[in-house]
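Colleague: I'm new to this and would love a close look at one part: how the two domains of chain A sit together. Could you walk me through it slowly, and then show me what surrounds it?

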Amino acid sequence: MAQLECLNVGKNFGALVALDDVSFQLRRQEILGLIGPNGAGKTTLFNCITGLEKPTRGKVMFNGTDITGVRPHRICRLGLVKTSQIMEPFKALSVGENVLIGALYGAMLPMKKAIPETEKILDFVGLAAEKDKLSSSISVPARRRLELARALATGAQVLLLDENMAGLNPHEIDEALTLLGKIRELGKSLIVVEHIMRAVMGISDRIIVLNYGTKIAEGTPKDISTNSTVIEAYFGDKKSFLGLNEERTSHG
Amino acid sequence: MKKRFNTFLFAFIGSSCLLIAVLPFVTSSEYTLRVATVIIFWIGMAGCWNITSGYTGYIDFGPVVYFGIGSYATAIAMTKYGVSFFPAGLIAGVVSGLIAFPIGLTTLRLRGAYFAIATFAFAETMKQVVLEFDRTFGVSFFQGSHGITLPIGGHDNTFFLYSFGLVALCIILVQARIENSKFGYGLKAIHEAEQSAEISGVNTTGVKLQAYITSALFLGVLGGIQSYWITYITPADVFNVHKTVQMVIMTLLGGMGTFLGPVVGAAFLTLLSEILGTAFVEYYLIMVGAIIIAIILLMPRGVIGTIKEATGMRLPS
């Protein structure tokens, strides 16, 4: 059974159709890549799944239950969490306290259990040394890992990562990819929104492509990289580009 | 560090309690006792504001409304229904808390200035309701602008010093508990990034509402005791926006989001006004204003906030 399933999800902002008829399934322990040009609706889709936005149409099913329109903190406690594209740590709190909040509220652990759990997770993502630093004072790669740590601390089974590798250099991307692999080995499923093709192609089991709010392709990374609709969405229509020249020459 | 902090906390609270407890026995000056009572009263008031606004960053500009509601609940319970003082004080807290529930539920959806305006508007509305209710409905309940005179119980200043002291102690303990508890982390997370808090599992509405109702409850009790102390209440006095402003300024001076902040701020501002008020009767308000501005400019995080920052004193997780 699919762990997470979107059924014909649609979202309108006034007259703008941000998402239309998006359906997909996420299997257990799968890494699903979600790609698409800017404004394709990737973040809106994440927000519809995590309850930050209420879908206009369609249903979101998690472990067989309908979670459409459920409040975000409830969805988080059910085991579905997202990291934000814009990093929003609790700035005045330390790195440890940031993760602690996930453990206290997301996983609903009592303080006595939440503290060792926090330490375990900080160790896992490699932030143990930064535990007592203010979360506003750490580097960008560390903040990205902090977002992951907070998401993990909630005990969620499904993690939605919204451009968690933005702003990282190639070496840091490799490290991040290793970490995502380790997270999958914990038995968790991931949906990864990413613009860095090398990263998303390398790690995803399957990829879905959004453009103008609709799903235009779904398949293995290999299928996607040769899919003509996808190439068209990203680079424009090769034929029309060439065709324009042909027309000119033929008329000339 | 956690242990050291707790020891410090107990030492501070213990010695303050002792000081207040023995004060009536070492001084016979009614003036000293009254000033001490006023300081403790304001420590409680500012602490209530700190519980909601200090930790969440939602600037409540109408906390006085629960003080007023508490005052009237006590006054009406005592004069109309013959309830004695202690149960009447508790009724004040319960009534304030009950009214805070729907008000908090609706206003806490607003952010920033909008929340401040909504709470301010509610406080002013309640004042008008109490003023005009009797005339509008042709009844005799709130007594409009005449106000209500409470029965004089013949208690001395020491009684009120202890009563306020007990409530203020509870308010301080609630804040001290907030600093290092799950509830406190929820409030701080809301302060820093509400959406991140919500998606990390914090029931933001619930946590905000809990804080709001807690402070309303204590404000109601404080209002109840104060009305019995003053024995005469009018809407213009108990719903006065100056009380709100004073709670805000005291907390800002001492440090928002710290349990010691309201204590320091309330003691400092009350003593300052008292000392300057007797020495420079005509100009003291200008001086108090200038000093407040100076402190805000020099220590934007308040006295305790600045000390915490300077010493790097952070509570461990």
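Modeller: Happy to. Let's start with a distance: the C-alpha centres of domain 1 of chain A and domain 2 of chain A lie 26 Å apart. Keep in mind that this is a predicted model, so every value here is computed from it.

Where do the domains run along the chain? Domain 2 of chain A covers 85–155, while domain 1 is written in two pieces, 1–79 + 157–252. Where they touch, domain 1 of chain A puts in 14 residues and domain 2 of chain A puts in twelve residues. On the domain 1 side, α2 (72–78), β7 (158–162) and α6 (170–185) of chain A each supply at least two residues. Of these, α6(A) has the largest share of that side, with three residues. If you sort the domain 1 side by chemistry, you get six nonpolar, four polar and four charged residues.

Now for what is packed inside. In general, nonpolar side chains in soluble globular proteins tend to be buried together. The largest nonpolar core in this model has 155 residues. Ala149(A), Leu159(A), Ile40(B) and Leu222(B) are the residues with the most contacts inside that core. Both domain 1 and domain 2 of chain A give residues to this core, so it lies between them.

Pick one of those residues, Ile40(B), and see what it touches. Setting aside neighbours within four places in sequence, Ile40(B) is in contact with Ile20(B), Leu161(B), Phe164(B), Gly165(B) and Ala168(B).

Back in chain A, there's a sheet to look at. It's an open sheet of four strands in the order β2-β1-β4-β5, with antiparallel pairing. At the edges stand β2 and β5 (65–66) of chain A, each with a single partner strand, so one side of each is left without a neighbour in the sheet. Zoom in on one pair: strand β1 (residues 4–13) and strand β2 (residues 16–26) of chain A are joined in the antiparallel sense over seven bridges. For one of the partnerships, take Leu4(A), whose bridge partner in β2(A) is Leu26(A). β1(A) and β2(A) make a hairpin with two residues between them, and Gly14(A) in the turn has a positive phi of about 60 degrees.

That phi is worth a pause. Most residues other than glycine have a negative phi. Chain A has residues that go the other way, including Met108(A), with a positive phi near 55 degrees. Met108(A) sits in the loop between α3 (95–106) and α4 (111–125) of chain A. Is Met108(A) buried or exposed? Neither, quite: Met108(A) counts as partly exposed, because it has 14 C-beta neighbours inside 10 Å, and a residue needs 20 or more to be buried and 12 or fewer to be exposed. Glu163(A) is another non-glycine residue with a positive phi, near 50 degrees. You'll find Glu163(A) in the loop between β7 and α6 of chain A. With 19 other C-beta atoms within 10 Å, Glu163(A) is partly exposed too.

One more loop is worth your time. Ser136(A) has its place between α4 and α5 (140–153) of chain A. Ser136(A) also counts as partly exposed, with 14 C-beta neighbours inside 10 Å. Not counting residues up to four places away in sequence, Ser136(A) touches Pro89(A) and Lys91(A). Along the chain, Ser136(A) and Ser94(A) are 42 residues apart, but 8.3 Å separates their C-alpha atoms.

Chain A also meets chain B. That contact takes 28 residues from chain A and 17 residues from chain B. On the chain B side, α7 (182–192) and α8 (194–199) each supply at least two residues. The most comes from α7(B), with six residues. By chemistry, the chain B side divides into five nonpolar, seven polar and five charged residues.

Finally, how far can you trust the chain we've been looking at? Chain A averages a pLDDT of 90, and 93% of its residues score at least 70. One stretch to treat with care is residues 245–250 of chain A, where pLDDT stays under 50 and the model has zero contacts beyond four places in sequence.

Key
Residues are numbered from 1 along each chain as its sequence is written. Chains are lettered from A and ligands numbered from 1 in the order in which they are written. This is a predicted model: local features need pLDDT of at least 70, side-chain atom pairs count only at pLDDT 80 or more; totals for chains, interfaces and linings use all residues. Two residues are in contact if their C-beta atoms, placed from the backbone, lie within 7 Å. Ala, Val, Leu, Ile, Met, Phe, Trp, Tyr, Cys and Pro count as nonpolar, Asp, Glu, Lys and Arg as charged, and the others, Gly among them, as polar. Two strands pair if DSSP finds at least two bridges between them. A nonpolar core is a set of buried Ala, Val, Leu, Ile, Met, Phe, Trp, Tyr and Cys residues joined through C-beta atoms within 7 Å. Domain bounds come from an automatic or database domain assignment. pLDDT is the predictor's confidence in each residue, from 0 to 100.
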